[in-house]
Amino acid sequence: MAEPRPQPALGIVDLHCHLLPGVDDGAADLEQALAMARRAVAEGICTAVTTPHTWDGRYEVGHESADAAFAALRAAVESEGLPLQLKLAAENRLDRRLLEAANAGRVRTLGDSAWVLVELPPRVMPPRLEQSLFALRTAGLRPVLAHPERYPGFRGKGGLRRLKALADGGTLMQLTGEAFLGSGARRRRVRRLLEAGLCHLVASDAHGIQQRPPCARAVYRALCRFGDEGLAARLMRENPARILADQQPLPVGLERSWWRRVRGLWT
Ligand SMILES: [Fe+2]
């Protein structure tokens, strides 16, 4: 049988994934976490920031259990010699508890930066969304909003205007790589966000091997088709690396497709 062709190294920096074993709805155990780590390497990911849910109504992952799971994963990855740099952060539900933790200096940020990954309740917008993000900034943190394409409250022109106002106020938008694949409404949504300048980085939000795997190569190719390789590299490599280094991301632009310009669906 022919040897598989070596894949080019893409140097992708994945700022959002659930690789930690046995703590949330990501990798169920160390074996699955290692399988995800191997897949991440095969997908061209060189740095994976593990982001367990702090609390989301179903899971509650304290610092101690995250530390223990991270140590076990890192030891296993090192003993297998996988070329994958691991970092520990968190996916933080934006609520009163997060603001209390922020004021107490107990929030896990992305790398050693002030950037913090936040998620919202899945269906209902928090009543004081803008004020909460502002309070985070007042506490010295800079929010990165995970998967804004998922929330019904950001759909339509009103939702988009609201998202734009958040970005103008300093919140970064992390879109999910898998959403750029396929051909459904989700893909159209992320394309619109990209065209509106409302995508600062793309991450996998990987949860397993069968479902929601770390599928970086196909996403990178899809972004190359949307724009060019510079766009893919900026969203999956350069901007995530800048965030880890506590820098502002570089601007991302994508021209509207011709049919959208003609139909005037965008303002
Ligand atoms: Fe997540």
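A residue counts as partly exposed when its relative accessible area falls between the under 20% of buried residues and the over 50% of exposed ones. By that yardstick, Arg 150 in this predicted model is partly exposed, at 34% relative accessibility. Its salt-bridge partner, Asp 205 (2.6 Å, N to O), is buried, with a relative accessible area of just 2%. Arg 150 sits in the loop between strand E6 and helix H5, and Asp 205 in the loop between strand E8 and helix H7, so the bridge ties together parts that are 55 residues apart in sequence. Arg 212 joins these two in a network of salt bridges.

Asp 205 has another job on its hands: along with His 16, His 18 and Glu 91, Asp 205 is a protein donor of the iron ion, and these donors lie 2.1 to 2.3 Å from the metal. The angles among the four donor atoms run from 80 to 169°, and the site is irregular. His 18 and Glu 91 are both buried. They come from two different loops, one between strand E1 and helix H1 and the other between strand E3 and strand E4, so this pair ties together parts that are 73 residues apart in sequence.

Back to salt bridges, of which the structure holds 13. One of them pairs Arg 108 with Asp 67 at 2.8 Å, N to O. Another joins Arg 234 and Glu 238, with the closest N and O atoms 3.4 Å apart; these two are four residues apart in helix H8, about one helical turn.

As for the nonpolar interior, the largest core has 73 residues, and Leu 194 and Leu 223 touch the most other members. A separate core of 13 residues includes Val 49 and Trp 115.

Conventions: Residues are numbered from 1 along each chain as its sequence is written. This is a predicted model: local features need pLDDT of at least 70, side-chain atom pairs count only at pLDDT 80 or more; totals for chains, interfaces and linings use all residues. Side-chain values use heavy atoms; hydrogens and water are left out. A nonpolar core is a set of buried Ala, Val, Leu, Ile, Met, Phe, Trp, Tyr and Cys residues joined through side-chain atoms within 4.5 Å. Buried means under 20% relative accessible area, exposed over 50%, partly exposed in between (1.4 Å probe, protein chains only). Donors are N, O and S atoms within 2.8 Å of the metal (3.2 Å for Na, K and Ca); water is not among the atoms, so sites may look incomplete. Four donors count as tetrahedral if all angles lie between 85 and 135 degrees; four count as square planar and six as octahedral if opposite donors are over 155 degrees apart and all others between 65 and 115; anything else is irregular. A salt bridge is a side-chain nitrogen of Lys or Arg within 4 Å of a carboxyl oxygen of Asp or Glu.
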